[in-house]
Amino acid sequence: MPKKKMIHELYEMKKKGEKITFLTSYDFPTARFAEQAGMDMILVGDSLGMCVYGYAGTVPVTMDQMIVHAEAVRRGAWNTFVIGDMPFMSYQGSDESAVENAGRFLKEAGCDAVKLEGGVRVASRIRTLVDAGIVVMGHIGLTPQSSGQLGGHKAQGRTSEAAAMVVEDALAVQEAGAHMILLEAIPPEVGRYITETLSIPVLSIGAGMHCDGQLLIVSDMIGQFTAFTPKFVKKYADVAEVVLHAMQDYIKDVREGRFPTDDHCYHMIEGEEEKFLESLKR
Ligand code: KIV
């Protein structure tokens with residue numbers, strides 16, 4: 001059983017140049033697999049809106065949905081650092097609602113930390129959460145909850161001006177007291193600069209190979225989510241194909257009488273069938 005990594009150990013990993021492994025999970029069995037595989041951290045991401053609920057984006061996801069999934073993940077991965085992703089409008093409104101909702105991830109679901117999107121514009125919110133004693137991961141670059149303002153799900157920081165804004169966000173997140181930061185869909189050159197500049201661990205999802213660790217969305221990584229695949233995804237399995245074939249084989253077997261066989265049946269206890277048939281005659 002792996003030992004759960006705590007925040008200071010993640011800082012040690014950055015110092016030693018050991019890469020941090022990070023994956024989303026939304027349910028008990030997947031979290032179990034992630035822990036057994038030796039994942040350093042799990043994100044209960046609001047990407048479950050698309051990957052589990054079939055929404056077009058993350059905006060409709062509620063705090064109550066996040067808590068149910070975070071609880072299941074925690075039950076599957078007791079010894080892994082689990083981060084709850086604050087859904088849209090769970091922290092934007094006020095410091096009070098941000099603390100209350102972040103607190104729910106810790107108290108109700110047993111999460112180790114929370115993640116929220118935004119740089120300069122949420123810096124004071126990050127400070128409030130940190131002052132409340134909560135471990136916080138910032139998330140900048142492509143921030144899906146505000147993709148409307150960004151003009152869609154587009155890579156950020158590709159011009160020198162835009163890169164400077166991403167760096168400004170990264171510095172604001174660290175300055176506000178965040179313990180870690182996630183960079184999404186920015187050029188590797190910018191990812192490298194931020195990783196070398198910040199003292200906190202810098203995680204990447206589409207921010208290149210120089211960051212302190214990597215995150216993937218499990219449904220992309222195992223080939224379960226098929227609607228679209230971002231450029232930054234590496235697919236390690238094709239679960240959709242495996243599951244589809246299994247279901248087609250099952251349908252065929254039932255229709256053609258190959259399932260169930262005697263091996264799948266619970267027979268009556270010896271001598272009971274005769275008694276049963278006799279009883280029916282009365
Ligand atoms: O919800 C999520 O999985 C995320 C990633 C896209 C970074 O926030």
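A polar contact is taken here as a pair of N or O atoms within 3.5 Å. With that cut-off in hand, the ligand site of this predicted model can be read residue by residue. An oxygen atom of the ligand lies 3.0 Å from an N or O atom in the side chain of Asp85, so the pair falls within the 3.5 Å limit and counts as a polar contact. The side chain of Asp46 also takes part, with an N or O atom 2.8 Å from a ligand oxygen. For Ser47, the corresponding separation between a side-chain N or O atom and an oxygen atom of the ligand is 2.5 Å. The protein covers 97% of the 260 Å² of accessible area that the ligand has on its own.

These three residues belong to a wider set. There are 13 residues around the ligand, and Gly45, Asp46, Ser47, Asp85 and Lys115 are those that come nearest. As for the setting of the site, the ligand sits in the largest pocket.

Stepping back to the whole chain, the protein has 282 residues, of which 46% are buried. Its secondary structure consists of twelve helices and eight strands. Taken along the principal axes, the C-alpha atoms fill a box of roughly 85 × 40 × 35 Å. The domain assignment divides the protein into domain 1, residues 7-237, and domain 2, residues 242-281. Between the C-alpha centres of domain 1 and domain 2 there is a distance of 47 Å.

Several residues help to show how the chain is laid out, and helices are a convenient place to begin. Lys15 is part of helix H1, which spans residues 7-16. Its relative accessible area is 68%, and because the exposed class begins over 50%, Lys15 is counted as exposed. Along the chain, Lys15 and Pro201 are 186 residues apart, yet their C-alpha atoms are separated by 8.9 Å. Ala31 belongs to helix H2, residues 28-37. With a relative accessibility of 0%, Ala31 counts as buried, because that class covers values under 20%. Ile42 is eleven residues away from Ala31 in sequence, and the C-alpha to C-alpha distance between Ala31 and Ile42 is 7.7 Å.

Another lysine, Lys107, is located in helix H5, residues 95-107. Lys107 is exposed, its relative accessible area being 76%. The C-alpha atoms of Lys107 and Ala163 are 37 Å apart, with their positions 56 residues apart along the chain. Among the strands, S5 covers residues 136-141 and includes Gly141. Gly141 has a relative accessible area of 14%, so it falls under the 20% limit and is buried. From Gly141 to Thr62, a step of 79 residues along the chain, the C-alpha separation is 23 Å.

The loops carry some backbone details that are worth a look in the viewer. Met89 lies in the loop between strand S3 (81-85) and H5. Its phi is near 75°, a positive value in a residue other than glycine. Met89 counts as exposed, with 52% relative accessibility. Ala185 likewise has a positive phi in a residue other than glycine, here near 50°. The loop that holds Ala185 runs between strand S6 (180-184) and helix H9 (188-197). At 10% relative accessibility, Ala185 is under the 20% limit and therefore counts as buried.

A further backbone detail concerns a proline. The peptide bond from Phe259 to Pro260 is cis, with omega near -5°. Pro260 itself is found in the loop that links helix H11 (239-255) and helix H12 (272-281).

Notes:
Residues are numbered from 1 along each chain as its sequence is written. This is a predicted model: local features need pLDDT of at least 70, side-chain atom pairs count only at pLDDT 80 or more; totals for chains, interfaces and linings use all residues. Side-chain values use heavy atoms; hydrogens and water are left out. Domain bounds come from an automatic or database domain assignment. Helices (H or I, at least four residues) and strands (E, at least two) are DSSP runs, numbered from the N terminus. Buried means under 20% relative accessible area, exposed over 50%, partly exposed in between (1.4 Å probe, protein chains only). A residue is near a molecule or strand if one of its heavy atoms lies within 4 Å of it. A polar contact is a pair of N or O atoms within 3.5 Å; within protein, one must be able to donate a hydrogen and the other to accept it, and residues adjacent in sequence count only if both atoms are side-chain atoms. Accessible areas come from the Shrake-Rupley method with a 1.4 Å probe; for residues, only the protein chains shown count as cover. On a 1 Å grid over the protein atoms alone, a cavity is a set of points where a 1.4 Å probe fits but cannot get out, and a pocket is an open set with protein on both sides within 12 Å along at least five of seven lines; lining residues have an atom within 4 Å of a point. A molecule sits in a cavity or pocket if more than half of its atoms lie within 2 Å of its grid points.
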